[in-house]
Amino acid sequence: MKELKFKRGDLVVATSGFNHILKKPSEFLYEFGYYNSYNGAVVYKKGCCNMQDSFAFDLDCLRLATDDDVENIYHH
């Protein structure tokens, strides 16, 4: 299992699918929620903690957001 040191509330970049126009994976900003038992993580839309506002990603699809990410990536 990939070892990550996310804390609740950390801003993370999640990679999902592929953007054929930009020729790279699509990236979105989320707030980290919690790890699940299937080698993954649940993340929330910024400022949300409701299940209907959550998304699940494999840990390999998440990384901590940088300042550049916050300026350049659309907030999902």
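In this predicted model, Val13 has Arg63 as its bridge partner in strand 5. That contact belongs to the pairing of strand 1 with strand 5 (residues 62-64), in which the two run antiparallel and are joined by three bridges. Val13 also has a neighbour in strand 2, where Leu29 stands opposite. A further position of strand 1 can be placed in the same way: Leu11 stands opposite Glu31 of strand 2.

The pairing of strand 1 (residues 11-19) with strand 2 (residues 24-36) is likewise antiparallel, and here seven bridges are found. Four residues separate these two strands, which together make a hairpin. Within the turn, Lys23 adopts a positive phi of about 60°, a handy detail for anyone inspecting the backbone torsions.

Seen as a whole, the sheet is open and holds five strands, ordered 4-3-2-1-5 with antiparallel pairing. Strand 4 and strand 5 are its edges, each being paired on one side only. From one strand to the next, the twist averages 50°.

Turning to the aromatic side chains, a search of the whole structure gives four ring pairs. One of them is formed by Tyr30 and Phe55, whose ring centres lie 5.4 Å apart with 50° between the planes, a tilted arrangement. Because Tyr30 belongs to strand 2 and Phe55 to strand 4 (residues 54-58), this pair ties together parts of the chain that are 25 residues apart in sequence. The two partners fall into separate accessibility classes. Tyr30 has a relative accessibility of 2% and so counts as buried, given that the class covers values under 20%. Phe55, at 28%, counts as partly exposed.

Tyr30 also pairs with Phe57. The centres of these rings are 5.4 Å apart and their planes meet at 50°; the pair is therefore tilted, since that class covers angles from 30 to 60 degrees. Here too, distant parts of the chain are linked, with Tyr30 in strand 2 and Phe57 in strand 4, 27 residues apart. Phe57 has a relative accessible area of 11%, which means that this residue is buried. Tyr30 thus has ring partners in Phe55 and Phe57.

Elsewhere among the aromatic residues, Phe6, Phe32 and Tyr35 are linked by ring pairs into a cluster.

Conventions. Residues numbered from 1 in each chain as written. Predicted model: local features only at pLDDT ≥ 70, side-chain atom pairs only at ≥ 80, totals over all residues. Heavy atoms only, no water. Pairing = 2+ DSSP bridges. Phe/Tyr/Trp six-rings, centres within 6.5 Å; stacked < 30°, edge-to-face > 60°. Buried < 20%, exposed > 50% of the residue type's maximum accessible area, 1.4 Å probe, protein only. Axes fitted to C-alpha atoms, helices over the stretch in contact; angles between N-to-C directions.
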